[in-house]
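Work through the exercises below with the sequence and the model side by side, and try each task before you read its solution.

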Amino acid sequence: LFDYASRAEDPEAGVVSYSLLSGPEGLSVDPAGGRVTWIPGRDQIGVHDVTLEASDDRGAAGFQFFQL
């Protein structure tokens, strides 16, 4: 089980939403809270690239790249 609480802040105090741009099948993110979770299957052994995006309501965005 993978469980990660990502966090981003908007300097203008806007609403931040989260999305996954890449990652293994079954990986999910809570769009409002940023919690990333995954329960890998037996066929998913190995390294997986993940791209997480946090964006505000004005279109500004930040990205986090990591591997599982």
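The exercises that follow move from the whole chain to one sheet, and then to single residues and rings.

This is a predicted model, in which local features need pLDDT of at least 70 and side-chain atom pairs count only at pLDDT 80 or more, while totals for chains, interfaces and linings use all residues. Residues are numbered from 1 along each chain as its sequence is written, and side-chain values use heavy atoms, with hydrogens and water left out.

**Exercise 1. Describe the secondary structure and the extent of the protein.**

Step one is to list the elements: the protein has zero helices and six strands, where helices (H or I, at least four residues) and strands (E, at least two) are DSSP runs, numbered from the N terminus. Step two is to take the extent, and here the C-alpha trace spans about 45 × 15 × 15 Å along its principal axes. Step three turns to burial: 29% of the 68 residues count as buried, a word that stands for under 20% relative accessible area, with exposed meaning over 50% and partly exposed in between (1.4 Å probe, protein chains only).

**Exercise 2. Work out the order of the strands in the open sheet, and explain which of them stand at the edges.**

Begin with the pairings, remembering that two strands pair if DSSP finds at least two bridges between them. Strand β2 (residues 16-22) runs antiparallel to β5, and six bridges join them; within this pairing, L20 has L52 as its bridge partner. On β5 there is also an antiparallel pairing with strand β6 (residues 61-67), over seven bridges, in which T51 stands opposite F65 and V50 has F66 as its bridge partner. Putting these together gives an open sheet of three strands in the order β2-β5-β6. β2 and β6 each have a single partner strand and therefore stand at the edges, so that one side of each is left without a neighbour in the sheet. Finally, look at the hairpin of β5 and β6, which has four residues between the strands and in which G59 takes a positive phi near 100°.

**Exercise 3. Decide whether S55 and A5 are buried or exposed, and find what each of them touches.**

Take S55 to start with, which belongs to strand β5 (residues 49-56). S55 counts as buried because its relative accessibility is 19%, and β5 itself is mostly covered, with seven of its eight residues buried. Leaving aside neighbours within four places in sequence, S55 is in contact (heavy atoms within 4.5 Å) with V15, V16, S17, A60 and A61. Now turn to A5, which is found in strand β1 (residues 2-5) and is exposed, with a relative accessible area of 52%. With neighbours within four places again left out, A5 is in contact with G34 and R35; A5 and R35 are 30 residues apart in sequence, yet 4.4 Å apart in space, C-alpha to C-alpha.

**Exercise 4. Count the aromatic pairs and characterise the one formed by F63 and F65.**

The structure holds four aromatic pairs, counted when the ring centres of Phe, Tyr and Trp (its six-membered ring) lie within 6.5 Å; planes under 30 degrees apart count as stacked, over 60 as edge-to-face and the rest as tilted. For F63 and F65 the centres are 6.5 Å apart and the planes make an angle of 20°, so the pair is stacked. As for their surroundings, F63 is partly exposed at 46% relative accessible area, whereas F65 counts as exposed at 62%. Elsewhere, F2, Y4 and F66 form one aromatic cluster.
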